[in-house]
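The following note sets out points for a colleague who will work with this model. Please read it alongside the sequence and the coordinates.

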Amino acid sequence: MERKDFIKRSFALCGLALIPAGVMESCSKKSNTSGPSNVNFTLDLTNAANNALNTIGGSLVVNGVIVIKTAGGSFSALSAACTHEGCEVNYNTGSSMVVCPCHGGTFNATTGSVLGGPPPSALTKYTVTQSGNILTVKS
Ligand code: FES
């Protein structure tokens, strides 16, 4: 190796060493995409904050869980963090799918299973029961 090449390569390596660790990690960053555990909360459908759930296609995110009133009129609760890189998913009324805005991942709104895109696994599904105007969401 000539001296000129050695100097060029040395500077290139030094440049890599100066890149902040956070930048290098961003390509392989793994976020917590398994969804919250020990979920146990209630939603009062008469509370204005939960009004979205009184309409078919409505949804809201509470405690890391997306609660959906699906096209069929039933309730579904899934982890709100995409299993790909953790972006918050939302419900698309037109397609009746849960979609991830980051890279286009799609999930079944009832089961959480992957329908398309890069997500490696299903969203965690939680149980939803209704008693009058109260929804209970549990692991
Ligand atoms: S983070 Fe959801 S598809 Fe990439």
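1. Two strands are taken as paired if DSSP finds at least two bridges between them. By this criterion, strand β3 (residues 65-69) and strand β4 (residues 75-79) pair in the antiparallel sense, with five bridges between them. One of the bridged residues is Lys69, whose partner in β4 is Phe75.

2. The model is predicted, and its confidence should be considered before any detail is discussed. The mean pLDDT of the protein chain is 84, and 77% of the residues score at least 70. Residues 10-30 have a pLDDT below 50, and beyond near neighbours in sequence this stretch has one contact in the model. Where pLDDT is low, predicted coordinates should not be read in detail.

3. As to overall composition, the protein chain contains two helices and 10 strands. Along the sequence the pattern reads α-α-β-β-β-β-β-β-β-β-β-β. Of the 139 residues in the protein chain, 25% are buried. Among contacts with a separation of 6 or more, 42% are between residues 24 or more positions apart.

4. How are the strands of the open sheet ordered? The sheet has six strands in the order β1-β10-β9-β4-β3-β2, and the pairing is antiparallel. The edges are occupied by β1 (40-44) and β2 (59-62); each has a single partner strand, so one side of each is left without a neighbour in the sheet. On average, neighbouring strands of this sheet are turned by 25 degrees against each other, direction ignored.

5. Further pairings within the sheet can be described in terms of their bridges. β4 and β9 run antiparallel and are joined by two bridges; Leu78 has Lys125 in β9 as its bridge partner. β9 and β10 are also antiparallel, with five bridges, and Gln130 stands opposite Leu135 in β10. These two strands form a hairpin with two residues between them, and Gly132 in the turn has a positive phi of about 65 degrees.

6. Which residues have the most contacts inside the largest nonpolar core? They are Val65, Ile66, Val67, Ala77, Val89 and Val98, in a core of 24 residues. At least two residues of this core come from each of β3, β4, β6, β9 (125-131) and β10 (134-138). The greatest contribution is that of β3, with four residues.

7. Val98 merits separate attention. This residue is found in strand β6 (residues 97-99) and counts as buried because 27 C-beta neighbours lie inside 10 Å, the threshold being 20 or more. Outside its neighbours within four places in sequence, Val98 is in contact with Ile66, Leu78, Val89, Tyr91, Thr106, Phe107, Ala109 and Leu123. The C-alpha atoms of Val98 and Thr110 are separated by 9.0 Å, with their positions 12 residues apart along the chain counted as sequence distance. Val89, one of the contacts of Val98, also touches Ile66, Ala80, Cys82, Val99, Cys100 and Phe107, residues up to four places away in sequence not being counted.

8. Is Phe107 buried or exposed? Phe107 is buried, because 26 other C-beta atoms lie within 10 Å. This residue belongs to strand β7 (residues 106-108). With residues up to four places away in sequence not counted, Phe107 touches Val89, Met97, Val98, Gly112, Ser113, Val114, Leu115, Ala122 and Leu123. For one of these contacts, Ala122, the C-alpha separation from Phe107 is 7.2 Å, although the two are 15 residues apart along the chain.

9. Two backbone conformations should be checked. Most residues other than glycine have a negative phi. Asn38, which is not a glycine, has a positive phi of about 55 degrees; it is placed in the loop between α2 (21-26) and β1. Asn38 counts as exposed, because 6 C-beta neighbours lie inside 10 Å. Ser96, likewise not a glycine, has a positive phi of about 60 degrees and is found in the loop between β5 (90-92) and β6. Ser96 is partly exposed, because 15 other C-beta atoms lie within 10 Å, a count between the limits of 12 and 20.

Key:
Residues numbered from 1 in each chain as written. Predicted model: local features only at pLDDT ≥ 70, side-chain atom pairs only at ≥ 80, totals over all residues. Contact = placed C-beta atoms within 7 Å. Axes fitted to C-alpha atoms, helices over the stretch in contact; angles between N-to-C directions. Core = buried A, V, L, I, M, F, W, Y, C linked by C-beta atoms within 7 Å. pLDDT = per-residue confidence, 0-100.
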